[in-house]
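Me: I'm new to this one, so could you walk me through the words people use for it? Show me the structure first, please.

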Amino acid sequence: MSIFSNALSQFRSAAQYLSLSPYVLGRLQRPERVLQFSFPVTMDSGTIRMFDGYRVQYSSARGPYKGGLRFHPQASLDEVKALAFLMMIKCAVVGIPLGGSKGGIAVDPKTLSPAELERLTRALTRQLAPFIGPEKDIPAPDVNTNPEVMGWVMDEYAQIVGHSVPGVVTGKPLSLGGSAGRSAATGQGGLYVLAELARKLKLNPKKTRVVVQGFGNVGYHFAKLAYGAGYRIVGLSDSKGGIYAPNGQSMDPAHVMEQKRARGLIAGCYCVGSVCDCKNYRALSNKQILAAPADVLVLAALENQLTGTNAGRVKARVVLEMANGPVTPEADVKLAKRGVIVVPDVLSNAGGVTVSYFELVQNLQQYYWTENEVLQKLKPIMVQAFAKVWQRAQELKVNLRTAALVVAAERLAQAIEARERS
Ligand code: NAD
């Protein structure tokens with residue numbers, strides 16, 4: 001089954017709880033615009049290579065399109081449509097006035113030199129230029145793209161239109177108008193959501209054991225902030241494996257990151273070959289870390305990590321989706337049957353797009369906020385989004401994913417009807 005069809009079937013199940021008109025239901029199941037590009041890039045060797053890419057502008061019902069740009073060998077139209085749909089839902093769940101979009105180029109950027117990557121990004125920007133802008137569609141970093149890539153998009157766009165337009169992309173370097181607090185925003189937003197859930201479930205952070213899968217931008221910041229808030233971080237992992245504290249003692253993610261930077265791997269830095277240089281932690285494989293004893297399992301790596309095959313082994317009471325789509329629909333059903341609460345990606349990782357929205361606001365008003373101001377504005381948005389989703393879940397007796405889809409569909413339907421009712 002395609003990823004997009006999966007997303008739509010979950011949406012249709014949620015829509016049963018609402019009396020949406022057939023017209024609104026139909027609109028929300030179709031992207032407004034699908035752009036497909038093929039464009040040439042000159043490689044360092046002098047040869048010319050063609051690249052293929054997509055930008056799906058799913059919905060502008062609640063505001064300009066907003067969504068990341070990913071560079072990945074498996075980028076496909078189906079995946080980009082599904083991710084654009086999820087961006088529409090995410091912006092509506094947190095109530096920010098933006099729509100949903102996503103872009104993908106089929107390329108493995110690790111095979112390109114820095115100069116080739118820059119030429120590719122600039123060529124892509126020339127394709128995108130008529131369709132992007134602060135009032136049209138605002139790209140941002142996603143898998144394998146970063147602030148440096150956004151800086152190139154901003155510069156190429158400025159050359160095309162003849163003046164600087166910082167709000168054409170978010171996730172820019174601070175020196176180009178990026179927002180303070182953007183790099184930690186997704187992790188911070190997830191922690192605000194976890195704190196609200198902990199209050200509902202009466203979990204005491206100091207007694208709550210947390211395992212975090214993924215130690216990149218999202219996983220690292222989440223783990224570091226959760227450790228600072230008193231949660232017991234008992235497991236951490238990256239693509240090469242993980243470490244676990246069997247005695248339940250909390251590990252300091254900043255220290256683990258220092259070790260990782262110095263020696264390369266999370267697991268390897270503690271147990272290189274046969275020499276285990278840490279008395280407190282055990283090295284676990286990626287498969288084992290998902291089933292390690294914990295109260296909260298945070299998925300901050302990739303999509304499809306918990307499936308129908310391994311979901312039955314999860315010991316945590318709560319699964320917090322910080323990555324996009326880490327729990328498959330089959331795993332969702334299995335976890336629900338066992339009473340495991342899954343906090344959906346469209347709620348728990350929405351701190352990232354919320355601070356991207358703040359970046360756009362700062363760019364448009366040419367007035368910049370401190371990190372403290374950014375966090376003060378982020379917290380109430382995440383807390384209110386959680387409260388709304390929790391309330392709908394209780395009222396309708398559904399899980400949090402269905403409730404989040406219901407909240408988003410209600411807001412989208414209101415906007416569509418307010419714009420288009422004749
Ligand atoms: P990243 O590339 O910085 O980090 C990914 C991490 O996952 C790395 O530490 C990598 O080693 C690890 N990893 C890969 N395979 C793994 C495996 N099998 N087991 C354990 N770890 C594994 O990416 P990121 O920006 O942290 O994004 C992570 C996820 O969060 C993605 O799904 C992304 O779409 C989503 N997301 C990111 C943001 C953001 O602000 N960066 C916002 C919303 C959603």
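Reply: Sure, starting with pairing: two strands pair if DSSP finds at least two bridges between them. Helices (H or I, at least four residues) and strands (E, at least two) are DSSP runs, numbered from the N terminus. The model is predicted, so local features need pLDDT of at least 70 and side-chain atom pairs count only at pLDDT 80 or more, while totals for chains, interfaces and linings use all residues. Residues are numbered from 1 along each chain as its sequence is written, and side-chain values use heavy atoms, with hydrogens and water left out.

Me: What makes strand 3 and strand 4 a pair?

Reply: Pairing takes at least two bridges, and strand 3 (residues 65-71) and strand 4 (residues 100-105) have three, in the parallel sense. Leu-69, for instance, stands opposite Gly-103 in strand 4.

Me: Which order do the strands of the open sheet of five take, and what makes strand 1 and strand 5 its edge strands?

Reply: The order is 1-2-4-3-5, with mixed pairing. Strand 1 (33-42) and strand 5 (137-141) each pair on one side only, and that makes them the edges.

Me: How do you know that strand 6 and strand 7 pair?

Reply: Five bridges join strand 6 (residues 209-213) to strand 7, and the two run parallel; the cut-off is at least two. One bridge partner of this kind is Arg-232 in strand 7, opposite Arg-209. Both strands belong to an open sheet of seven, in the order 11-8-7-6-12-13-14. Its edge strands are strand 11 (282-284) and strand 14 (341-343).

Me: Why is the contact between Val-218 and the ligand called polar?

Reply: A polar contact is a pair of N or O atoms within 3.5 Å; within protein, one must be able to donate a hydrogen and the other to accept it, and residues adjacent in sequence count only if both atoms are side-chain atoms. A polar backbone atom of Val-218 is 2.8 Å from an oxygen atom of the ligand, so the pair falls within 3.5 Å. Phe-215 gives a polar backbone atom at 3.0 Å from a ligand oxygen, and Asn-324 a polar side-chain atom at 3.0 Å. Helix 6 (182-201), helix 7 (217-228) and strand 7 (232-238) each give two or more residues to the shell around the ligand.

Me: Why is the pair of Phe-4 and Tyr-58 called edge-to-face?

Reply: Rings of Phe, Tyr and Trp (its six-membered ring) pair if their centres lie within 6.5 Å; planes under 30 degrees apart count as stacked, over 60 as edge-to-face and the rest as tilted. Phe-4 and Tyr-58 are 6.1 Å apart centre to centre with 65° between the planes, so edge-to-face fits. Phe-4 lies in helix 1 (residues 3-15) and Tyr-58 in strand 2 (residues 48-59), so the pair ties together parts 54 residues apart in sequence. The structure holds eight aromatic pairs.
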